[in-house]
Amino acid sequence: MGSEEAKRGVGRRAVLLGGGAAVLGTAVLAREELQRAWWRLPGTQRKRVEGELDHKGAEWTSAARANWRRADRPDDYVIDRVVIHVVQGSYSGALKVFKNPAHGAATHYVVRKDGHVAQMIRELDVAFHAGNRDMNERSVGIEHEGFVDRPQDFTAAMYAGSARLTAGICARHGIPVDREHIIGHVEVEGTDHTDPGPHWDWPRYMRLVAAEAGKLG
């Protein structure tokens with residue numbers, strides 16, 4: 001075989017080999033995706049206990065089904081963020097709107113001024129809370145009672161209860177306790193929200209989360 005023919009032969013083999021690798025890679029990815037999502041197939045239901053709590057001591061009160069979607073996290077989506085929200089209203093108001101299917105959004109948790117926690121969506125499921133699909137799939141959302149322009153709404157009891165909650169979430173999912181992984185809604189790409197606002201005491205909050213995380217080992 002001449003040099004030009006040899007080059008063409010090598011080129012054809014490279015294309016064929018490359019194409020075969022691409023097909024094989026696609027098949028592997030497809031199989032992995034099917035393994036992650038087998039329970040979504042028609043007639044298949046992933047076993048779960050409705051209303052089971054992820055955070056000990058929380059009160060279960062479910063969000064409207066239209067405000068979240070079933071998932072199998074962290075098997076289908078890795079959880080690596082906690083997103084902090086402030087509702088611009090009361091605790092009872094937050095529960096009410098998250099139970100409204102027309103609202104289109106809800107967080108996994110809501111924290112009251114006295115530190116009491118309601119869980120509305122399981123952590124394995126995807127809550128529509130961040131205004132960004134990728135962030136929804138990778139995060140747990142925590143709503144807090146109050147208004148961003150009223151620092152008095154952020155009580156010591158609220159900070160403490162929320163810190164225990166966040167520390168537990170981080171421990172369950174291996175999330176580092178730092179500001180890269182514990183973020184405000186305002187920091188989500190593409191959002192038009194400003195919460196938790198300028199009066200949310202991030203240094204204080206992160207110290208509390210770190211202290212609670214230390215208790216969990």
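# Exercises on a Predicted Model

Trp202 and Tyr205 both belong to helix α5, where they stand three residues apart, about one turn of the helix. The exercises below concern a predicted model, and they begin with this helix.

## Exercise 1: The length of a helix

**Task.** Determine what span helix α5 should have at 1.5 Å a residue, and compare it with the separation of its end C-alpha atoms.

**Solution.**
1. Helix α5 comprises the 15 residues 202–216.
2. The expected span is 1.5 Å times one less than the number of residues, and for α5 this gives 21 Å.
3. The end C-alpha atoms of α5 are 21 Å apart, which agrees with the expected value.
4. The two ends may now be described. At the N-terminal end, Asp201 acts as a cap, with a side-chain oxygen 3.1 Å from the backbone nitrogen of Arg204. After α5 comes Gly217, which has a positive phi near 80°.

## Exercise 2: The two sides of α5

**Task.** Identify which residues of α5 are buried and which exposed residues lie on the face turned away from them.

**Solution.**
1. The buried residues of α5 are Trp202, Tyr205, Met206, Val209 and Glu212.
2. These residues cover an arc of only 125° around the axis, and therefore they lie on the same side of α5.
3. The face turned away from this buried side carries the exposed residues Arg207, Gly214 and Lys215.
4. The cover over the buried residues of α5 includes β3 (81–84), α4 (156–173) and β8 (182–184).

## Exercise 3: An aromatic pair

**Task.** Classify the arrangement of the rings of Trp202 and Tyr205, and state whether each residue is buried or exposed.

**Solution.**
1. A pair of aromatic rings is described by the distance of the centres and the angle of the planes.
2. For Trp202 and Tyr205, the centres are 6.1 Å apart and the angle between the planes is 75°.
3. An angle over 60 degrees counts as edge-to-face, and the pair of Trp202 and Tyr205 is accordingly edge-to-face.
4. A residue is buried if its relative accessible area is under 20%. Trp202, at 14% relative accessibility, counts as buried; Tyr205, at 0%, counts as buried as well.
5. Ring pairs link Trp202 and Tyr205 with Phe154, Tyr159 and Trp200 into a cluster.

## Exercise 4: A strand within the sheet

**Task.** Establish where β7 stands in the strand order of the open sheet, and explain why β7 is described as largely enclosed.

**Solution.**
1. The open sheet has six strands in the order β1-β5-β4-β7-β3-β8, and its pairing is mixed. The edge strands, β1 (59–60) and β8, each pair on one side only.
2. In this order, β7 stands between β4 and β3. Strands β3 and β7 run parallel and are joined by four bridges, with Val82 opposite Val140 of β7.
3. Strand β4 (residues 109–111) also pairs with β7 in the parallel sense, over three bridges, and Val110 stands opposite Glu143 of β7.
4. The pairing of β4 with β5 (residues 117–119) is antiparallel, over three bridges. Here the bridge partner of Val110 is Ala118 in β5.
5. In a regular strand the side chains alternate between the two faces of the sheet.
6. In β7, the buried residues are Ser139, Gly141 and Glu143 on one side, and Val140, Ile142 and His144 on the other, and both faces are covered.
7. Because six of the six residues of β7 (residues 139–144) are buried, this strand is largely enclosed by the rest of the structure.

## Exercise 5: Backbone exceptions and a loop contact

**Task.** Locate the loops that hold Pro74, Pro196 and Gln88, and describe the backbone at each position.

**Solution.**
1. Most residues other than glycine have a negative phi, and most peptide bonds are trans.
2. The peptide bond from Arg73 to Pro74 is cis, with omega near 5°. Pro74 is placed in the loop between β2 (68–69) and β3.
3. The peptide bond from Asp195 to Pro196 is also cis, with omega near 10°. Pro196 is found in the loop between β8 and α5.
4. Gln88 is not a glycine, yet its phi is positive, about 65°. Gln88 belongs to the loop between β3 and α2 (91–98), and at 41% relative accessibility it counts as partly exposed.
5. The loop between β2 and β3 also holds Asp80, whose side chain makes a polar contact of 2.7 Å with the side chain of Arg138.

Definitions and conventions. Residues are numbered from 1 along each chain as its sequence is written. This is a predicted model: local features need pLDDT of at least 70, side-chain atom pairs count only at pLDDT 80 or more; totals for chains, interfaces and linings use all residues. Side-chain values use heavy atoms; hydrogens and water are left out. Helices (H or I, at least four residues) and strands (E, at least two) are DSSP runs, numbered from the N terminus. Buried means under 20% relative accessible area, exposed over 50%, partly exposed in between (1.4 Å probe, protein chains only). The arc is that of the directions from the helix axis to the C-beta atoms. Contact means heavy atoms within 4.5 Å. A polar contact is a pair of N or O atoms within 3.5 Å; within protein, one must be able to donate a hydrogen and the other to accept it, and residues adjacent in sequence count only if both atoms are side-chain atoms. Two strands pair if DSSP finds at least two bridges between them. Rings of Phe, Tyr and Trp (its six-membered ring) pair if their centres lie within 6.5 Å; planes under 30 degrees apart count as stacked, over 60 as edge-to-face and the rest as tilted.
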